[in-house]
Amino acid sequence: MLYPIEISTHSRTELVDITEAIRNAIKKSGVRSGTCIIYVPHTTAAVTINENYDPSVCEDIVTTLNRLVPHSAHYSHTEGNADAHIKAAIVGSSRTVFFEEGKILFGTWQGIFFCEFDGPRRRKLIVKILGD
Ligand code: ZN
């Protein structure tokens with residue numbers, strides 16, 4: 001089953017916690033145990049799994065990516081968003097999680113984040129849920 005999820009982002013570079021939306025997609029599927037694949041069909045956005053307890057972790061990820069890959073530099077791509085493409089390539093366009101009895105098998109403090117690198121925009125994610 002495929003579950004599209006729509007997201008509105010509010011900054012140029014931003015991590016949005018989508019853990020609840022993924023839990024809801026799993027719930028809606030009616031599948032109790034299996035695999036959930038989260039895919040971002042964009043070239044300037046990504047998805048990652050990291051700490052969602054202390055928000056300073058996401059701040060540091062954004063700040064550090066912006067420092068490593070500055071918005072303005074000598075890029076070949078002339079659309080003005082070369083940094084966003086590079087950040088998306090570094091972070092990656094999909095993640096996979098497993099769930100048992102309706103619960104995602106996270107480690108302590110883990111959550112799932114949509115990573116916006118060229119916002120604000122309307123974005124979408126595609127979630128695929130496979131029962132085992
Ligand atoms: Zn571009």
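Five strands make up an open sheet in this predicted model. Their order is S1-S8-S3-S5-S6, and the pairing is antiparallel. S1 and strand S6 (103-104) stand at the edges. Each has a single partner strand, so one side of each is left without a neighbour in the sheet. Strands of a sheet pair through backbone hydrogen bonds, either parallel or antiparallel. Within this sheet, S3 and S5 run antiparallel and are joined by six bridges. One residue pair shows the register: Thr35 has Phe98 of S5 as its bridge partner.

Next comes the nonpolar interior. The largest nonpolar core holds 22 residues. Ile18, Ile22, Cys36, Ile38 and Ile129 have the most contacts inside it. Several elements give two or more residues to this core, including strand S1 (2-8), strand S3 (34-39), strand S5 (94-100) and strand S8 (122-131). Helix H1 (19-29) is also one of them, as are strand S4 (45-51) and strand S7 (110-116). Another core, of 11 residues, lies apart from it; among them are Leu15, Val91, Phe113 and Phe117.

Cys36 is a good place to look more closely. Leaving aside residues up to four places away in sequence, Cys36 touches Ile22 and Ile26. Its contacts also include Arg95, Thr96, Val97 and Phe99. Val127, Lys128 and Ile129 touch Cys36 as well.

Now turn to helix H1. Its buried residues are Thr19, Ile22, Ala25, Ile26 and Ser29. They cover an arc of only 125° around the axis, which puts them on the same side of H1. The face turned away from that buried side carries Lys27 and Lys28, both exposed. Gly30 follows H1, and its phi is positive, near 80°.

The last stop is the zinc ion. Its protein donors are His77 (NE2), Glu79 (OE), Asn81 (OD1) and His85 (NE2). They lie 1.9 to 2.3 Å from the ion. Along the chain, the donors follow the spacing H-x1-E-x1-N-x3-H. What arrangement do the four donor atoms form around the zinc ion? The angles they subtend run from 88 to 157°, which makes the arrangement irregular. A tetrahedral label would require all angles to lie between 85 and 135 degrees. Two of the donor residues can also be placed by accessibility. His77 has a relative accessible area of 35%, so this residue is partly exposed. Glu79 stands at 58% relative accessibility and therefore counts as exposed.

Key. Residues numbered from 1 in each chain as written. Predicted model: local features only at pLDDT ≥ 70, side-chain atom pairs only at ≥ 80, totals over all residues. Heavy atoms only, no water. Core = buried A, V, L, I, M, F, W, Y, C linked by side-chain atoms within 4.5 Å. Buried < 20%, exposed > 50% of the residue type's maximum accessible area, 1.4 Å probe, protein only. Helix = DSSP H or I, 4+ residues; strand = E, 2+ residues; numbered from the N terminus. Contact = heavy atoms within 4.5 Å. Pairing = 2+ DSSP bridges. Donors = N, O, S within 2.8 Å, 3.2 Å for Na, K, Ca; no water. Tetrahedral: all angles 85-135°; square planar, octahedral: opposite > 155°, others 65-115°. Arc of directions from axis to C-beta.
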